[in-house]
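Trainee: Got a minute to go through this one with me? I'd like to start with the cysteines and then wander a bit.

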Amino acid sequence: MEQFKITKVNKIYDSIVTIADSFVIKSNKIGGGNGEAKLYIASKNKMYDFFGTQGFELNCFMLKEDLIKYLLNLKKEYYNPSQSYYNINDAIWNERYNKINNLPNVIWFKVEDQNAGGVRGYVNSPDEGYNIIREIALPLVSYLSIMEVNTTQGNAYYWKLFADFDAIADKTQAFVYIYGKKNTNINDNLTEETDNKSDDVITKLRRGQAKFRKQLLEECQFCPFSLITEDRLLIASHIKPYAVCNDEEKYDSKNGFIFSPLYDKLFDQGFITFSNDKRVFLSKWLSQYNWEKIGLKNDDYIQRLPLDEYRIQYLEYHRQFVFKD
């Protein structure tokens, strides 16, 4: 059999599909209930524009290497949850990792139009490949991107599961800002002791973030793309995401670049990354139309990108786990 290969990208779904709490299996849930198999995509008009007319049935696939990367990205979240999941822990992560590792390299499944009433568009499937998403995805900190492609086995829809590092960081810090500690029920009354602890941790966080930005601005005084120097228009962007950093990495100025907002968002969301010789790589998960509007080309040389041996080490993580290749 010919080795599986994607030969052409036809079109990219121009929105992400957020993994909602209602979709995942019970152990992954934050709220009540057992979850439901139908997945909300978008309004029916938008869904049909991408997937086809009412009543569609699609050939879809995921790649084992993508699922392994996703689980590695969320390992810290499994081991030290930022949300009150029903039953998520290190043993569950290891069990799921081993299961995914034993799957074939290409996981095929079909999805069909749920054709529910109203204007909301849903898909559903009884296939095991589809149900893997429900089993390993954690709600609110995960999302799907989808593209239609040609492959050596015919036309199909490529589904890829991503960790939302910003969402994880926001939720981790929300616990600190509200409680000063994890796993406190949101309806509990705060004690004076908790309030004091919260104040201490907030102060530490703010000081750490301010120090990170200050040191980074001293080393990188402008955006290497736009050359903007006004610090009110510049963002201190982590190379290895804050959500998966240890305490030292969170505030290490070598774990950062200074970017103006557009390029910060592209880098933060994994739509661009860099080679060790300052070449920019562009993700295929953003349409060519948008790349043309942004004005970047693959392999452009970013002369003023402040790379050194320390940032290169952090970039290895970004290329492997953050970049949407």
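Trainee: So, is Cys 223 buried or exposed?

Mentor: Buried: Cys 223 has a relative accessibility of 0%. Keep in mind that this is a predicted model.

Trainee: And what about Cys 220, buried or exposed?

Mentor: Cys 220 counts as buried too, because its relative accessibility is 5% and the cut-off for buried is under 20%.

Trainee: How many disulfides does a search of the whole structure find?

Mentor: It finds 0 disulfides.

Trainee: OK, switching to charges. How many salt bridges are there in the whole structure?

Mentor: The search turns up 16 salt bridges. One of them pairs Lys 99 with Glu 135, with the closest N and O atoms 2.8 Å apart.

Trainee: Where do Lys 99 and Glu 135 sit along the chain?

Mentor: Lys 99 is in helix α4 (residues 90-101) and Glu 135 is in helix α5 (residues 128-136), so the pair links distant parts of the chain, 36 residues apart.

Trainee: How exposed is Lys 99, and is Glu 135 buried or exposed?

Mentor: Lys 99 is partly exposed at 33% relative accessibility, whereas Glu 135 counts as buried at 17%.

Trainee: Which residue forms a salt bridge with Glu 218?

Mentor: That's Lys 214, with 2.9 Å between the closest N and O atoms. Glu 218 and Lys 214 are 4 residues apart in helix α7 (residues 192-219), so about one helical turn separates them. As for solvent, Lys 214 is exposed, with a relative accessible area of 53%.

Trainee: Why does a spacing like that suit a pair in a helix?

Mentor: An α-helix has 3.6 residues a turn, so residues three or four places apart point the same way.

Trainee: What about Lys 250 and Asp 247, how far is it from N to O there?

Mentor: Their side chains meet in a salt bridge at 3.7 Å, N to O. The two are 3 residues apart in helix α8 (residues 247-250), again about one helical turn. Lys 250 is buried at 16% relative accessibility, but Asp 247 is exposed at 59%. Elsewhere, salt bridges with shared partners join Asp 66, Lys 69, Lys 160 and Asp 325 into one network.

Trainee: New topic: helix α1. Which of the residues in α1 are buried?

Mentor: In α1 (residues 44-51) the buried ones are Lys 44, Met 47, Tyr 48, Phe 50 and Phe 51. They lie on the same side of α1, because they cover an arc of only 165° around the axis. The face turned away from that buried side carries the exposed residues Asn 45 and Asp 49.

Trainee: What comes just after α1?

Mentor: Gly 52, which takes a positive phi of about 125°.

Trainee: Back to Phe 51, then. Which residues touch the most other members of the largest nonpolar core?

Mentor: Phe 51, Val 123 and Trp 159, in a core of 50 residues. Leaving aside neighbours within four places in sequence, Phe 51 is in contact with Ile 41, Phe 56, Leu 58, Val 123, Ile 146 and Tyr 157. Apart from that core lies another, of 41 residues, including Tyr 158, Leu 217, Ile 258 and Ile 294.

Trainee: Last bit, the whole chain. How many helices and strands?

Mentor: The protein chain has 11 helices and 12 strands. Of its 325 residues, 49% count as buried. Among contacts between residues at least 6 apart in sequence, 69% join residues at least 24 apart. The accessible surface comes to about 16,500 Å², and 46% of that belongs to carbon and sulfur atoms.

Conventions: Residues are numbered from 1 along each chain as its sequence is written. This is a predicted model: local features need pLDDT of at least 70, side-chain atom pairs count only at pLDDT 80 or more; totals for chains, interfaces and linings use all residues. Side-chain values use heavy atoms; hydrogens and water are left out. A disulfide is a pair of cysteine sulfur atoms within 2.5 Å. Buried means under 20% relative accessible area, exposed over 50%, partly exposed in between (1.4 Å probe, protein chains only). A salt bridge is a side-chain nitrogen of Lys or Arg within 4 Å of a carboxyl oxygen of Asp or Glu. The arc is that of the directions from the helix axis to the C-beta atoms. A nonpolar core is a set of buried Ala, Val, Leu, Ile, Met, Phe, Trp, Tyr and Cys residues joined through side-chain atoms within 4.5 Å. Contact means heavy atoms within 4.5 Å. Accessible areas come from the Shrake-Rupley method with a 1.4 Å probe; for residues, only the protein chains shown count as cover.
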